[in-house]
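Biologist: Please take a close look at the largest pocket of this model and at what surrounds it. I would like one connected account that a first-year student can follow.

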Amino acid sequence: MIQIRKSATRGKADHGWLNSMHTFSFANYYDPRYTSFGPLRVINEDKVIGGQGFGTHSHSNMEIISYVLGGALEHKDSMGTGSVLRYGDVQRMSAGSGVSHSEFNHSADETVHFLQIWLFPDQENIAPSYQETNFSPEAKRGQLRLIASPDGADGSLLIHQDARIFATILDGAQRLHHTLAAGRGAYVQVARGQLQVNGITLEAGDALQVRDEAQLTLENGNDAEVLLFDLAL
């Protein structure tokens with residue numbers, strides 16, 4: 001079963017300084033059809049204008065991943081971690097027993113564009129932790145690059161959940177296949193560009209929710225940047 005989620009059907013929040021598109025129910029947006037998918041709880045596509053950001057706020061018992069698509073996102077947290085994330089940088093924060101952090105765009109004129117992703121953890125109240133790494137366009141081009149996993153395989157970020165997140169940049173005649181084991185599903189989120197997944201054409205912001213399929217085929221990309229979540233359902 002493959003369910004299409006078109007970009008325009010996502011929840012919308014325009015706060016002036018922040019434009020956010022919500023894949024799943026979040027804040028003032030609620031749709032009982034879209035509350036989570038397996039352990040995947042949030043995919044927000046956020047655009048924050050220069051000189052603005054999210055003030056210090058708290059999280060607990062959530063795996064939080066930021067995937068930066070453009071601009072520069074400054075992160076500070078109660079663990080003493082501070083960094084500026086740019087395109088290619090991916091951040092993982094395990095909120096565990098509780099952590100506070102802020103996210104800010106210090107640029108005067110450049111918007112920061114990123115995906116904020118939350119997954120439920122497989123264990124609660126662990127010690128909070130932080131990790132970040134950079135995945136270059138070359139590392140993602142024409143292949144499914146593992147960027148997060150429960151065992152930190154291949155230099156991926158370590159997440160506390162039976163989920164694997166892949167990123168790819170696909171263009172032209174490149175074709176990729178991903179096999180899904182029994183009992184697993186997939187969520188495919190198009191960050192930019194266009195491609196076909198199992199013959200279905202997807203544009204930037206579109207997504208697929210996949211159950212009971214043995215394989216996904218990604219092809220006919222037009223400068224497509226895509227995240228693929230392989231999840232235990």
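Modeller: Five strands each give at least two residues to the lining of the largest pocket: S2 (11-14), S3 (18-22), S4 (40-48), S5 (52-59) and S11 (112-119). The model is a predicted one. The space in the largest pocket comes to about 270 Å³. Its lining is made up of 18 residues, and those closest to the centre are Leu18, His22, Phe26, Asn44 and Phe54. Sorted by kind, the lining of the largest pocket has 7 nonpolar, 8 polar and 3 charged residues.

Two of these strands, S4 and S11, can be followed further, into the largest nonpolar core. This core has 27 residues, and Leu40, Ile117 and Phe229 are those with the most contacts inside it. At least two residues of the core come from each of S4, S6 (63-70), S11, S13 (145-149), S15 (163-172), S17 (184-197) and S20. Another core, of 19 residues, lies apart from this one, and Leu144, Leu170, Val190 and Leu195 are among its members.

Leu40 is a good residue to start from. Leu40 belongs to strand S4. Its relative accessible area is 0%, and buried means under 20%, so Leu40 is buried. Beyond its neighbours within four places in sequence, Leu40 is in contact with Phe24, Ile117, Trp118, Leu119, Tyr187, Phe229 and Leu231. Along the chain, Ala139 is 99 residues from Leu40, and the C-alpha atoms of the two are separated by 24 Å.

Phe229 has been named already as one of the residues with the most contacts inside the largest core. Leaving out residues up to four places away in sequence, Phe229 touches Leu40, Ile43, Ile117, Arg164, Ile165, Gly185, Ala186 and Tyr187.

Leu231, another contact of Leu40, is placed in strand S20. Leu231 counts as buried because its relative accessibility is 0%. With residues up to four places away in sequence set aside, Leu231 touches Phe37, Pro39, Leu40, Leu119, Asp162, Ala163, Gly183, Arg184 and Gly185. Gly172 is 59 residues from Leu231 along the chain, and 28 Å separates their C-alpha atoms.

Strand S20 covers residues 215-232, and Glu225 lies in it too. Glu225 has a relative accessibility of 2%, and therefore counts as buried. The side chain of Glu225 makes a polar contact, at 2.9 Å, with the side chain of Tyr87. Tyr87 is also one of the residues that Glu225 touches when those up to four places away in sequence are not counted; the others are Tyr67, Leu69, Lys140, Thr168, Ile169, Gln189, Val190, Ala191 and Arg192. Among these, Val190 is a member of the core of 19 residues.

Asn220 has its place in strand S20 as well. At 42% relative accessibility, Asn220 counts as partly exposed. The phi angle of Asn220 is near 55°, a positive value in a residue other than glycine.

Back at strand S11, which helps to line the pocket, there is His113. His113 counts as buried because its relative accessibility is 15%, and the cut-off for buried is under 20%. Residues up to four places away in sequence aside, His113 touches Glu45, Asp46, Lys47, Val68, Leu69 and Gly70. Leu69 is also touched by Glu225.

Two loop residues complete the account. Ala27 is found in the loop between S3 and S4, and both of those strands supply residues to the pocket lining. Ala27 has a relative accessible area of 69%, and exposed means over 50%, so Ala27 is exposed. Its phi angle is near 55°, again a positive value in a residue other than glycine. Gly80 has its place in the loop between strand S7 (73-77) and strand S8 (82-85). Gly80 is exposed because its relative accessible area is 67%. The C-alpha atoms of Gly80 and Tyr130 are separated by 9.9 Å, with the two positions 50 residues apart along the chain.

Definitions and conventions:
Residues numbered from 1 in each chain as written. Predicted model: local features only at pLDDT ≥ 70, side-chain atom pairs only at ≥ 80, totals over all residues. Heavy atoms only, no water. Helix = DSSP H or I, 4+ residues; strand = E, 2+ residues; numbered from the N terminus. Buried < 20%, exposed > 50% of the residue type's maximum accessible area, 1.4 Å probe, protein only. Polar contact = N/O pair within 3.5 Å; in protein donor to acceptor, adjacent residues only side chain to side chain. Contact = heavy atoms within 4.5 Å. 1 Å grid on protein atoms, 1.4 Å probe; cavity = no way out; pocket = protein on both sides within 12 Å on 5 of 7 lines; lining within 4 Å. Points joined across faces, edges and corners; volume = space filled by probe spheres on them. Nonpolar A, V, L, I, M, F, W, Y, C, P; charged D, E, K, R; others polar. Core = buried A, V, L, I, M, F, W, Y, C linked by side-chain atoms within 4.5 Å.
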